[in-house]
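Biologist: Can you walk me through this one? I'm new to it, so plain words please.

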Amino acid sequence: MMFQANLHCLCMNIAIDLPAKHNISSQKRWHLAFATIFCSRAFKTKTTSTKALHGAAYNPRKARVSIDRIAIDVVQGHALFSGIDQSSLAKLVKDKSVEKLSNFGGVQGVAASLKSDTTKGTNGDPEDVAHRHEAFGTNTYRKPPTKSFFIFVWESFKDPTIIILLLCAALSLGFGIKEHGPKEGWYNGGSIFVAVFLVIAVSSISNFRQNRQFDKLFKVSKNIPVEAVRKGRRQQISIFEIVVGDVIFLKIGDQIPADGILIEGQSLQVDESSMTGESDHVEINLSQNPFLISGTKVTDGYGMMLVTSVGMNTTWGEMMSTISGDSNEQTPLQERLNKLTSSIGKVGLLVAFLVLVVLLIRYFTGTTKDENGNKEFNGSKTSSDDVINAVVGIVAAAVTIVVVAIPEGLPLAVTLTLAYSMKRMMADQAMVRKLSACETMGSATTICTDKTGTLTLNKMTVTKFFLGKEHVKAESHTSISSKILELFHQGVGLNTTGSVFKSSDPCSSFEFSGSPTEKAILSWAVMELNMDMDQVKRNCNILHVEAFNSEKKKSGVLIKNISDGTIHAHWKGAAEMISKMCSHYYDLEGNVRHLKESDKEECDRIIEGMAASILRCIAFAHKQVSEAESGNEQKHGNTPDNSFVLLGFVGLKDPCRPGIKKAMEDCQNASVNIKMVTGDNVFTAKAIAAECGILHPNQEVDDGAVIEGEEFHNLTDELQMERVEKIRVMARSSPFDKLLMVQCLRRKGHVVAVTGDGTNDAPALKEADIGLSMGIQGTEVAKESSDIVILDDNFSSIVTVLKWGRCVYNNIQKFIQFQLTVNVVALVINFVVAVSAGEVPLTAVQLLWVNLIMDTLGALALATEKPTEELMKKKPVGRTEPLITNVMWRNLMAQALYQIVVLLTLQFKGESIFGVNKMVNDTLIFNTFVLCQVFNEFNARSLEKKNVFEGIYKNKLFVAIIGITLVLQVVMVEFLKKFANTERLNWSQWGICIGFAAASWPIGWVVKYITVPERPIFNYLRLNYLKALFK
């Protein structure tokens, strides 16, 4: 007991005597930790010395000293944030404890501890951000390691045909060394090894690069812009730049970017299903649940939050760290090509088996002869080594035929062309989120597009102003009564999700933030009506807010005037909806007048006149309410009645995008129908559609081209299906009307692309074949529901996506035609020669070389062709159209037939025609075969165009690959005699080979004059199996 007392005294003395340069709580914690550890060591030393003193007989259990186990939880704080640490912040939000929050002093107390301000945010300078990163971490997630290059190599090694070839190469190498010695015997087996490793290396490098490309696109897709306040200024930053202490603005459709606490908000509801699995929306408020969880979505209302945890310190961060961008997604085209590859592989396997059987029979019956004309097999006289060596060679040849026959380059070509097109589309302002969208877009027959920001610039300005029903010119604003101005200031400044910022510098100008509509109205109120937004906010308290959404098309606010205690309700929104709520209106002097029937007609004419001038018409209404009414309105969602007073209208000009008419013409030439779906009234919608070229100027509403969403919704199912194709413009539509239109079009057999930017557009984006969300105005919910994000919100970018979609499909068809030509030729000549002559004309190494240039290099050359204007003059490719069209069969069979005739002639008559020995003749066959494929690559550049050289200089990769292939072929023939089993050729022999190969160009040119029917050839023959095979 005395020892314990002394020890306690020692600890206290140490804790007191520790030097303290700064009197801060974080250092005190370290002082205490040091003291505790020092005392623990002292205690351990004491017990050790006691044991040494008593010797082996010492038993600590019998000792009077009691050993206390001390667990120390020391949280490392930061000098600048002394009152709070990361673990307590993370636990605060995770536990959703209002009591713990109040212990911190509420959100204001937390903000103060984080050296932040709930209105001005953080400092935001680099030093401040660095300190916050050091103390609380960054808003990034640990990612699982991506596939290394060696994993792709290992996956290539697992191919069964590669394994068999390696086994054959090993056996051939062993028997060759045994028979001819190490110096000469390694050539045959070693050559196969080198060729196989070369094929594996090239395919692995290609797959590795494409995987890295997809990883980059995955990172870009996660870089979400958010609005934050720093130094009192509202600005847009990347989600990865958020730090603890930041004040973030939230609105409908946003993803909550980090864990945090609500500062203020109105009607804020959050979808937490991604974290909890519960589908019900959670209400976020200051009194009961102010906690916001990273990764959840805002479904209604708006607000501001204080960030308390970022990155790996959030639950979302922990979950995201287990998710990789590596996707095994199979696109529909890839699935079809895998079936085609499998089917062709079976044919190749059958041919290889027949070749194997024929060669084995011929060998063991003594039909095959060696170079000297002697029988290779003489029964018991032939050594077992020779027999095994011969059988291994035959098996290797048969397996190599399978390698060449299986068009494994088809999946590679799809991957290459998808990766290439995704990269180029990114440069053309389109980010692909789902691979299948690249190819599906090529089949699109209808595009349902929004108006605002897609067909127009989304740069709005107020150009007309009506007070009541009187037009007010810009210079006449001073004549408006102060009472009306005050009401406008309230209706604009408090019923908004935007903000106004002006620095203390007298030379600085106002900065407006929010949606384009909000910015335009705020700018007009500040610059024309002299609104002081800060003063308006100081004069009034907001009691309740009804946030704007695309279904209601209006927003409202209930406020209390601090000076006189009166309560006012303000609404703004679509002019015809707001005007229906009004029974009175204000005149220029501020008098309230009854809204007669004639006045209502005058208001309708004002709205229609603005719409005809392509102006978006927004109306403002006001009503003073009693305490009882205000309580009832808060309780029942602030539902408006028809007793409001009309304040006035503003007309917002949003010009059409330059080049929009050209884009519409391109779509019409490509047989793609454009339907404009907008929330604007029918007059504005019709005027914009006519200006853009969707409607003809003389087209009337009566012919069914223009319809309102509600009218379409109320039609019977039969009438909807009958009229949906005629519709060009749907005005005053809700997201559910858009969804209904998409469903009707798909039932009619259309491939539908849909644009959307709002949260409520998510169902239509998911329902469509291709969902196109907007990168600037689009909410995170819309982006996550889409397949492609249009980064600049421009319709012209959608046309570019359409072009690339068709290009992907066209490039795949080019490669299929090229590869199947090689497959057919290789299979036919190997089978015919094997049956008739008992040998294969091309060695295993030569066939592997052909496989390399055909699969990998050929895929690179043909899969990276850029889209041409001709693609936009064809009809969309149907869902059920076969991959191999009649045009492709025509080109393929013509080239294959020519090559077969030439190669078989060389095989059987080449020695006598050209007066060469067998080795030179075999080299001529190999060289001609390879060069025919090189020249045929030019033919494959265009399926129907006769001039295959047009635009070739634009595809530098194609030219480079052709050049590399030719150089490598010269090296194979002239310098790698033993490796490739070739003989050197003279100039005239090279000329013969080139002449035979070059003849494929005029043949391809002539063949394209032959017209073919559109109906697939197998439909005529009624060969269901083949029809399914090549579909």
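Biologist: Which strand does β9 join through four bridges, and how do the two run?
Modeller: That's β21, residues 673-677, and the two strands run parallel. Keep in mind that this is a predicted model. One of the bridge pairs puts I447 with I674 in β21.

Biologist: And what about β24, how many bridges join β9 to that strand?
Modeller: Three bridges, and β9 and β24 run parallel. I447 has a bridge partner there too, A753. T446 stands opposite V752 in β24.

Biologist: Are the residues of β9 buried or exposed?
Modeller: Buried, on both faces of the strand. T446 and C448 are on one side, while I447 and T449 are on the other.

Biologist: OK, zoom out. What's the strand order in the sheet?
Modeller: The order is β8-β26-β25-β24-β9-β21-β23-β22, so you have an open sheet of eight strands with mixed pairing. As general background, strands of a sheet pair through backbone hydrogen bonds, either parallel or antiparallel.

Biologist: Which strands stand at the edges?
Modeller: β8 (430-432) and β22 (706-708). Each has a single partner strand, so one side of each has no neighbour in the sheet. As for twist, neighbouring strands of this sheet are turned by 20 degrees against each other on average, ignoring direction.

Biologist: What does helix α23 touch when it packs on the sheet?
Modeller: Helix α23, residues 682-692, touches β21, β22 and β23. The direction of α23 makes about 150 degrees with that of β23.

Biologist: And α29, which strands does that helix touch?
Modeller: α29 packs on the sheet against β8, β9, β21, β24, β25 and β26. Its direction makes about 145 degrees with that of β26.

Biologist: Let's talk cores. Which residues touch the most other members in the largest nonpolar core?
Modeller: M441, I770, I788, F795 and I816, in a core of 134 residues. Helix α29, residues 795-837, gives the most to this core, with 21 residues. There is another core apart from it, made of 39 residues, including F136, I242, I261 and L292. In general, nonpolar side chains in soluble globular proteins tend to be buried together.

Biologist: What is I770 in contact with, beyond its neighbours in sequence?
Modeller: Leaving out anything within four places in sequence, its contacts include A437, T440, M441 and A444. V751, V752, A753 and V754 are also among them, and so are D787 and I788.

Biologist: Back to α29 for a second. Is T821 in that helix buried or exposed?
Modeller: T821 sits in α29. It is buried, with a relative accessible area of 1%. Outside four places in sequence, T821 is in contact with L892, Q895, A896, Q899 and N936.

Biologist: New topic: how many disulfides does the structure hold?
Modeller: Zero. A disulfide is a covalent bond between the sulfur atoms of two cysteines.

Biologist: Why is there no bond for C582?
Modeller: Because the closest cysteine sulfur, in C603, is 8.2 Å from the sulfur of C582, which is too far for a bond. C582 counts as buried, at 3% relative accessibility.

Biologist: And why none for C617?
Modeller: C603 again holds the closest cysteine sulfur, but the distance is 9.5 Å, so that is too far as well. C617 is buried, with a relative accessible area of 8%.

Biologist: Any backbone oddities? What phi does S671 have?
Modeller: A positive phi of about 60 degrees, although S671 is not a glycine. Most residues other than glycine have a negative phi. S671 is found in the loop between α22 (660-669) and β21, and it is partly exposed, at 35% relative accessible area.

Biologist: Where is R732, and what phi does that residue have?
Modeller: R732 is in the loop between β23 and α26 (735-747). Its phi is positive, about 45 degrees, and R732 is not a glycine either. R732 is buried, with a relative accessible area of 15%.

Biologist: Last one: how many helices and strands does the protein have?
Modeller: 38 helices and 26 strands. Of its 1031 residues, 52% count as buried. The protein exposes about 47,500 Å², with carbon and sulfur atoms supplying 57% of that.

Terms used:
Residues are numbered from 1 along each chain as its sequence is written. This is a predicted model: local features need pLDDT of at least 70, side-chain atom pairs count only at pLDDT 80 or more; totals for chains, interfaces and linings use all residues. Side-chain values use heavy atoms; hydrogens and water are left out. Buried means under 20% relative accessible area, exposed over 50%, partly exposed in between (1.4 Å probe, protein chains only). Accessible areas come from the Shrake-Rupley method with a 1.4 Å probe; for residues, only the protein chains shown count as cover. A disulfide is a pair of cysteine sulfur atoms within 2.5 Å. Two strands pair if DSSP finds at least two bridges between them. A nonpolar core is a set of buried Ala, Val, Leu, Ile, Met, Phe, Trp, Tyr and Cys residues joined through side-chain atoms within 4.5 Å. Contact means heavy atoms within 4.5 Å. Axes are lines fitted to C-alpha atoms, for helices over the stretch in contact, and angles run from 0 to 180 degrees between N-to-C directions.
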